[in-house]
Amino acid sequence: MADLPFSISPVIGGLIFVLLFGDHGFLGKWLIGHNIQLVFNTAGIVIATLFVTYPFVARELIPLMETQGSHEEEASLILGASTLRTFFKITLPNIKWGLLYGVILCSARSIGDFGAVSVVSGHIVGQTNTMPLQVEAFYNGYQMEAAFALSSLMSIVAIISLVLKNYFDWKNSRSV
């Protein structure tokens, strides 16, 4: 289930989001009744981006946590620690590097997401515009220099993210 966003197109993921949470969607009427708008809104863009990118975090954390097991957490709970204290004192320190790798990859991927964001955002200029959508707008408006500049900036951020991931991977391998 964690790989579902990898197996479908991000555009399809965005469309499913609109079909579920849009005005005429399965939960849309309930959301409208409670004055909650997810489609064509920044909150919807964030949720759609999280759907597309969460497998990067899951692919880092699931094998790590399966390898480590749950013995330390169980011992902590048996000795009377709260679940919150167990999480912050035992689980989080054990998974911090995997979580960091996943967040870096998730961030790098989310910067360039176009498919789901394109569908969910509605391309509302000044309200739901993202960098990839702006690159498309520049390109379609024959503003090639602006499209290239923004694309270059996004590429630099992606490269920095990968360098950071490799640095933390190297640092973690030296400490083990």
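Two residues are in contact when heavy atoms of one lie within 4.5 Å of heavy atoms of the other. Keep that cut-off in mind while reading this structure, which is a predicted model.

Start with a pair of helices. Helix α2 covers residues 10-21, and helix α4 covers residues 42-68. Which residues bring α2 and α4 together? From α2 come P10, G13 and F17. They meet G44, I47, A48, F51 and V52 of α4. Sort the residues of this contact by character: six are nonpolar, two are polar and none is charged.

Now look at how the two helices are arranged. Two packed helices are described by the angle between their axes and the distance between those axes. The axes of α2 and α4 come within 10 Å. They cross at roughly 135°. Angles over 145 degrees would count as roughly antiparallel, and 65 to 115 as roughly perpendicular. The helices α2 and α4 are therefore oblique to each other. The crossing of α2 with α4 is right-handed.

Next, find D113. It sits in the loop between α6 (83-111) and α7 (115-121). Is D113 buried or exposed? Its relative accessible area is 2%, so D113 is buried. The cut-off for buried is under 20%. Set aside the neighbours within four places in sequence, and D113 is in contact with P10, T49, V52 and P132. Two of these names have come up before: P10 in α2 and V52 in α4 both take part in the helix contact.

D113 also has a charged partner. Side chains of opposite charge can pair when their charged atoms come close. The side chains of R109 and D113 form a salt bridge, with 3.4 Å from N to O. How many salt bridges does a search of the whole structure find? The search finds one. The two partners sit in unlike surroundings: R109 has 26% relative accessibility and so counts as partly exposed, whereas D113, at 2%, counts as buried.

Finally, turn to two loops and their backbone angles. N35 lies in the loop between α3 (28-33) and α4. Its phi is positive, about 60°, although N35 is not a glycine. N35 has 73% relative accessibility, so it counts as exposed.

Y142 lies in the loop between α8 (131-140) and α9 (144-175). The phi of Y142 is near 60°, again a positive value in a residue other than glycine. What is the relative accessible area of Y142? It is 69%, so Y142 is exposed.

Note on methods. Residues are numbered from 1 along each chain as its sequence is written. This is a predicted model: local features need pLDDT of at least 70, side-chain atom pairs count only at pLDDT 80 or more; totals for chains, interfaces and linings use all residues. Side-chain values use heavy atoms; hydrogens and water are left out. Axes are lines fitted to C-alpha atoms, for helices over the stretch in contact, and angles run from 0 to 180 degrees between N-to-C directions. Helices (H or I, at least four residues) and strands (E, at least two) are DSSP runs, numbered from the N terminus. Angles under 35 degrees count as roughly parallel, over 145 as roughly antiparallel, 65 to 115 as roughly perpendicular and the rest as oblique. A crossing is left-handed if the near helix is turned anticlockwise from the far one by less than a right angle, and right-handed if clockwise. Ala, Val, Leu, Ile, Met, Phe, Trp, Tyr, Cys and Pro count as nonpolar, Asp, Glu, Lys and Arg as charged, and the others, Gly among them, as polar. Buried means under 20% relative accessible area, exposed over 50%, partly exposed in between (1.4 Å probe, protein chains only). A salt bridge is a side-chain nitrogen of Lys or Arg within 4 Å of a carboxyl oxygen of Asp or Glu.
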